[in-house]
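Here is a short tour of one protein model, written for someone new to reading structures. Have a look at the sequence and the 3D view, then read on.

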Amino acid sequence: MWPDRRIQDLFGIELPIIQAPMAGAGLSDLAVAVAEAGGLGSLPCALLTPDHLRNQFGVIRQRTARPINVNFFCHRPATPDAAREATWRRRLEPYYREFGLDPNAPVPASNRAPFDEEFCALVEELRPEVVSFHFGLPEQRLLDRVVATGAKILSSATTVDEARWLEAEGCHAIIAQGAEAGGHRGMFRTEDIATQVGTLSLVPQVVDAVRVPVIAAGGIADGRGIAAA
């Protein structure tokens with residue numbers, strides 16, 4: 001028997017395991033497999049168009065009735081800087097030529113769309129059990145509409161300060177994203193990389209700082225890591 005069932009009871013799942021919503025690496029198949037195995041399956045939406053999101057969520061609902069998490073980014077999109085791009089291209093040009101690559105080849109774009117009015121309307125339409133965010137939370141009026149659907153709200157914190165902020169804004173649980181965690185460094189209240197600590201240092205600090213359940217993320221790859229977290 002798992003000693004603390006707050007996560008299972010909060011999300012209606014059997015196992016205290018949440019699939020990381022890896023944009024570009026997993027869609028409906030992975031979310032369904034995790035949900036059917038007893039964890040919380042997650043659908044990463046940052047790279048999806050609204051129509052693609054509706055389609056993928058429809059596939060999930062056809063294949064499982066278990067709780068599902070849909071994940072969105074809340075970042076501020078970077079402003080293109082032609083001068084900066086030209087600088088890094090010049091700096092890397094010798095390496096391009098060494099490996100027979102064209103230094104002037106176009107760089108593939110990867111547009112990760114932040115949560116907006118259209119995505120919010122889709123959440124209201126599809127009504128997933130859990131909605132998670134990365135890089136903080138959306139603006140209050142959009143967050144209020146998500147909460148009104150009855151969805152449980154998750155977001156990731158990389159520091160104690162971020163965790164306290166997320167709790168104050170109404171998150172039902174907080175993901176403590178340690179420095180070992182793959183993917184995007186979800187910092188949103190600082191840009192100082194020196195504030196980023198390892199998972200097994202961050203988790204107890206966050207647990208001591210907030211009252212809501214805390215989910216460990218980063219460097220956990222086996223049963224010993226789960227037990228330690």
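## Helix 5 beside helix 6

Let's start with a crossing: helix 5 passes helix 6 in a left-handed way. Keep in mind as you look around that this is a predicted model. The two axes, of helix 5 and helix 6, come within 9 Å and cross at roughly 10°. Angles under 35 degrees count as roughly parallel, so helix 5 is roughly parallel to helix 6.

Who does the touching here? On the helix 5 side you'll find Glu117, Cys120, Ala121, Val123 and Glu124, and they meet Arg141, Leu142, Arg145 and Val146 in helix 6. Sorted by class, this contact has 5 nonpolar and 4 charged residues, with no polar ones.

## A closer look at Glu124

Glu124 is part of helix 5. Is Glu124 buried or partly exposed? Its relative accessible area is 30%, so Glu124 counts as partly exposed.

Now try finding Thr149 in your viewer. Glu124 and Thr149 are 25 residues apart along the chain, yet their C-alpha atoms are separated by 6.1 Å. If you skip the neighbours within four places in sequence, Glu124 is in contact with Arg145 and Thr149.

## Helix 5 beside helix 3

Helix 5 (residues 117-126) also packs with helix 3 (residues 50-63), at an angle of about 20° and with the axes 10 Å apart. In general, two packed helices are described by just such a pair of values, the angle between their axes and the distance between the axes. Helix 3 and helix 5 are therefore roughly parallel to each other. This crossing of helix 3 and helix 5 is right-handed.

From helix 3, the contact uses Pro50, Leu53, Arg54 and Phe57, while helix 5 brings Glu118, Phe119, Leu122, Glu125 and Leu126. By class, that contact of helix 3 with helix 5 comes to 6 nonpolar, no polar and 3 charged residues.

## The nonpolar cores

In soluble globular proteins, nonpolar side chains tend to be buried together. Which residues touch the most other members of the largest nonpolar core here? They are Leu53, Phe72, Phe115, Val131 and Phe133, in a core of 40 residues. Helix 5 gives the most to this core, with 5 residues.

Leu53 is a handy one to click on. Not counting neighbours within four places in sequence, Leu53 is in contact with Leu43, Cys45, Leu48, Phe72, Phe119, Leu122 and Leu126. Apart from the largest core lies another one, of 9 residues, and among them are Ile7, Phe11, Leu40 and Leu154.

## Two residues with positive phi

Most residues other than glycine have a negative phi. Arg127 goes the other way: it is not a glycine, but its phi is positive, at about 55°. Where does Arg127 lie? Look in the loop between helix 5 and strand 3 (130-134). With a relative accessible area of 46%, Arg127 is partly exposed.

Phe135 is not a glycine either, and its phi is also positive, near 70°. You'll find Phe135 in the loop between strand 3 and helix 6 (140-148). Phe135 has a relative accessible area of 17% and is therefore buried, since buried means under 20%.

## Helix 7 with helix 8

Further along the chain, helix 7 (residues 160-168) packs with helix 8 (residues 199-209). Their angle is about 40°, and their axes are 9 Å apart. The crossing of helix 7 and helix 8 is right-handed.

Val160, Ala163, Arg164 and Glu167 make the contact from helix 7, and Leu202, Gln205, Val206 and Ala209 make it from helix 8. By class, the contact of helix 7 with helix 8 has 5 nonpolar, 1 polar and 2 charged residues.

## Ala229, after helix 9

One last stop. Ala229 is found in the segment after helix 9 (223-228). Its relative accessible area is 41%, so Ala229 is partly exposed.

What does Ala229 touch, not counting residues up to four places away in sequence? The list is Leu200, Val203, Ala216 and Ile220. As for Pro204, it and Ala229 are 25 residues apart in sequence and 8.7 Å apart in space, going from C-alpha to C-alpha.

Definitions and conventions: Residues numbered from 1 in each chain as written. Predicted model: local features only at pLDDT ≥ 70, side-chain atom pairs only at ≥ 80, totals over all residues. Heavy atoms only, no water. Axes fitted to C-alpha atoms, helices over the stretch in contact; angles between N-to-C directions. Helix = DSSP H or I, 4+ residues; strand = E, 2+ residues; numbered from the N terminus. Parallel < 35°, antiparallel > 145°, perpendicular 65-115°, else oblique. Left-handed = near helix turned anticlockwise from the far one by under 90°. Contact = heavy atoms within 4.5 Å. Nonpolar A, V, L, I, M, F, W, Y, C, P; charged D, E, K, R; others polar. Core = buried A, V, L, I, M, F, W, Y, C linked by side-chain atoms within 4.5 Å. Buried < 20%, exposed > 50% of the residue type's maximum accessible area, 1.4 Å probe, protein only.
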